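Open the model in your viewer and get ready to pick out charged side chains. We will go from stop to stop, and at each one I will tell you what to select.

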Amino acid sequence: MRPGRSSRPRTRTRPRHDDAVDGFVIAVDRGRYTCVLPDAPDGAAITAMRARELGRKSVVVGDRVSLVGDISGADGALARIVRIAERRSVLRRTADDDENTAEGRLERVVVANADQLVIVSALADPPPRTGFIDRCLVAAYDADIEPLLCLTKADLAGPEQVVGYYTELELPYVLIRPDSDLDALRALLAGRVSVLVGHSGVGKSTLVNRLVPDALRAVGVVSAIGRGRHTSTSAVALRLPRTPDGDGDPGWIVDTPGIRSFGLAHVSAESLLHGFPDLVEGTVDCPPNCPHTPDEADCALDAWVAAGKADPRRLASYRRLLASRAGEGDPREVERNPGDPLAGS
């Protein structure tokens, strides 16, 4: 006779899964994870589920995992994710800046193990918003990944205003026109895992389709008021095709849904400043625990900007983020300064 359910012997011993193979998560959909084997990136995609022993550990796009079970990639085959490798970087965002709100406490992992954050911004239709770019830069520096500014629709407007705003940062950028080749961008993406973020309507999905013709990501239209429709609904990692003269790794891009806000509640006030490296040196003469707010009389940042060592718009953007973290203002609202058409967040 089998023992009753209450008297069955139990053990905490878990299998070691010595036969597990390494995988790379390229998509997540309702508890199913699409993975590929690093040694066979052009092979069949493997559908997997998360093993129970992982508990509440989440699996996200970009994770390096260990797989057991059926890894053939055949229709109906199902593997199991039994381990998640330590992440070398984690790009996060929240729905709000204030950590005291429910939205601010809801932290979303955008992608794991990214090497580069490609901030896609249109130069016109819709107009560029440096406030949003500043948020992305803060998130990139906080995650310890390199930023790259990708300016689309360069046939409609010049890049001088946007590039001039980031002169002190020496932020790398590329210009994209509908008829231009993408060789310069491909060179910057090669050998890396790059995550693309941007407002809806900036041409991100169109760019992805040009980089990876087989991706067939949906392309929307920009409305008459300059706002784009959301066309990508979930993050997905796409293998860049090899070029005829390319011998190395062409890299991966992670396409993400178009977003209207990039909350930074997970970033401390101290780390927030590191998203503005052109202002960091100006805080040397600030008093201890200086909040750097406009009402702080002894804050040295005003004198730093007055001396021409930083763009006053950068200080205004930094202080808007500080105010938003304190719950003063809505990060989803488009803030504009008089005379500064680029200040929208």
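A salt bridge here is a side-chain nitrogen of Lys or Arg within 4 Å of a carboxyl oxygen of Asp or Glu. By this rule the count comes to ten salt bridges. Before you start clicking, note that this is a predicted model, where local features need pLDDT of at least 70, side-chain atom pairs count only at pLDDT 80 or more, and totals for chains, interfaces and linings use all residues. Residues are numbered from 1 along each chain as its sequence is written, and side-chain values use heavy atoms, with hydrogens and water left out.

**Stop one: Arg88 and Asp115**

Select Arg88 and Asp115, whose side chains form a salt bridge with an N to O distance of 3.0 Å. The two residues are 27 residues apart and link distant parts of the chain: Arg88 lies in the loop between strand S5 (79-84) and strand S6 (90-94), and Asp115 in the loop between strand S7 (107-112) and strand S8 (116-122). Helices (H or I, at least four residues) and strands (E, at least two) are DSSP runs, numbered from the N terminus. For accessibility, buried means under 20% relative accessible area, exposed over 50%, and partly exposed in between (1.4 Å probe, protein chains only). Arg88 is partly exposed because its relative accessibility is 48%, and Asp115 is partly exposed at 24%.

**Stop two: Asp134 and Arg314**

Now select Asp134 and Arg314, which meet in a salt bridge of 2.8 Å, N to O. This pair joins helix H2 (residues 130-143), home of Asp134, to helix H9 (residues 312-325), home of Arg314, across 180 residues. Are these two residues buried or exposed? Both Asp134 and Arg314 are buried. Add Asp278 to your selection, and you will have a network of salt bridges made of Asp134, Asp278 and Arg314.

**Stop three: Arg319 and Asp302**

Stay with helix H9 and select Arg319 together with Asp302, which sits in helix H8 (residues 301-306), 17 residues apart from its partner. Their side chains form a salt bridge of 3.0 Å, N to O. Arg319 is buried, with a relative accessible area of 12%, whereas Asp302 is partly exposed at 36%.

**Last stop: an acidic patch**

Finally, select Asp181, Asp183, Asp245 and Asp247, which form a negative surface patch. Patches are made of residues with over 30% relative accessible area and no salt bridge, with like charges joined within 9 Å. Zoom in on Asp181, in the loop between strand S10 (173-175) and helix H4 (183-189). Asp181 counts as exposed because its relative accessible area is 55%.

Definitions and conventions:
Patches are made of residues with over 30% relative accessible area and no salt bridge: like charges are joined within 9 Å, nonpolar side chains (Val, Leu, Ile, Met, Phe, Trp, Tyr) within 5 Å. Accessible areas come from the Shrake-Rupley method with a 1.4 Å probe; for residues, only the protein chains shown count as cover. Lys and Arg count as positive and Asp and Glu as negative; His and the chain ends are not counted. The place of a charge is taken as NZ of Lys, CZ of Arg, CG of Asp or CD of Glu.
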